[in-house]
Amino acid sequence: MVPLEKMSRDVIADHHECFDGTGFPQGKIHKQVTKEASMLSFIDVLDHLRTEKNRTLEKCFEQVLKIHLQSPLGQKFHPDVITGMGNFLKTGKTQLKKAS
């Protein structure tokens, strides 16, 4: 299998996993959940808010970040994803570190 195909399949399969281990389907925790899967999960939440609640993308970003920044960092999303998305909202530039 081509590496991009495998990574894509893994990211899609894991995008409901939570950083704290409460997600599904496998209950992966911390570094078992890739930043890419956590980013897709974040985007999935944004998409849901935007489609179901008819909000602007900026309002969706603000709502997701507000909710997840008030809870312990690293609960649903990888902490670097929350930090990076927060920086993106403020500056328009991403500052995510490459996955190691």
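## The loop between H1 and H2

Lys-28 sits in the loop that runs between helix H1 (3-14) and helix H2 (35-53). The model described here is a predicted one. The side chain of Lys-28 makes a polar contact of 2.8 Å with the side chain of Asp-14. Leaving aside residues up to four places away in sequence, Lys-28 touches Asp-14, Glu-17, Cys-18, Gly-21 and Val-33.

Two backbone features belong to this loop as well. Pro-25 is placed in the loop between H1 and H2, and the peptide bond joining Phe-24 and Pro-25 is cis, with omega at about 15°. His-30 is also found in the loop between H1 and H2. The phi angle of His-30 is near 45°, which is a positive value in a residue other than glycine.

## Packing of H1 against H2

The axes of H1 and H2 come within 8 Å and cross at roughly 55°. An angle over 35 degrees but below 65 falls in the oblique class, and H1 is therefore oblique to H2. The crossing of these two helices, H1 and H2, is right-handed.

On the H1 side, the residues that meet H2 are Val-11, Ile-12 and Asp-14. Their counterparts in H2 are Glu-36, Ala-37 and Leu-40. Sorted by class, this contact of H1 with H2 has four nonpolar and two charged residues, and no polar ones. Asp-14, which takes part in the contact with H2, is also the partner of Lys-28 in the side-chain polar contact of 2.8 Å.

## Packing of H2 against H4

H2 also packs with helix H4 (residues 79-91): their axes come within 9 Å and cross at roughly 55°. H2 and H4 are therefore oblique to each other. The crossing of H2 and H4 is right-handed.

The H2 residues in this contact are Lys-35, Ser-38, Met-39 and Phe-42. In H4, Asp-80, Val-81, Ile-82 and Met-85 meet them. By class, the contact of H2 with H4 comprises five nonpolar residues, one polar residue and two charged residues.

## Salt bridges

How many salt bridges does the count give, with a side-chain nitrogen of Lys or Arg within 4 Å of a carboxyl oxygen of Asp or Glu as the rule? The count comes to three salt bridges.

One salt bridge is formed by the side chains of Asp-10 and Lys-6, with an N to O distance of 2.7 Å. Both residues, Asp-10 and Lys-6, lie in helix H1, four residues apart, and this spacing is about one turn of the helix.

Terms used: Residues are numbered from 1 along each chain as its sequence is written. This is a predicted model: local features need pLDDT of at least 70, side-chain atom pairs count only at pLDDT 80 or more; totals for chains, interfaces and linings use all residues. Side-chain values use heavy atoms; hydrogens and water are left out. A polar contact is a pair of N or O atoms within 3.5 Å; within protein, one must be able to donate a hydrogen and the other to accept it, and residues adjacent in sequence count only if both atoms are side-chain atoms. Contact means heavy atoms within 4.5 Å. Axes are lines fitted to C-alpha atoms, for helices over the stretch in contact, and angles run from 0 to 180 degrees between N-to-C directions. Angles under 35 degrees count as roughly parallel, over 145 as roughly antiparallel, 65 to 115 as roughly perpendicular and the rest as oblique. A crossing is left-handed if the near helix is turned anticlockwise from the far one by less than a right angle, and right-handed if clockwise. Ala, Val, Leu, Ile, Met, Phe, Trp, Tyr, Cys and Pro count as nonpolar, Asp, Glu, Lys and Arg as charged, and the others, Gly among them, as polar.
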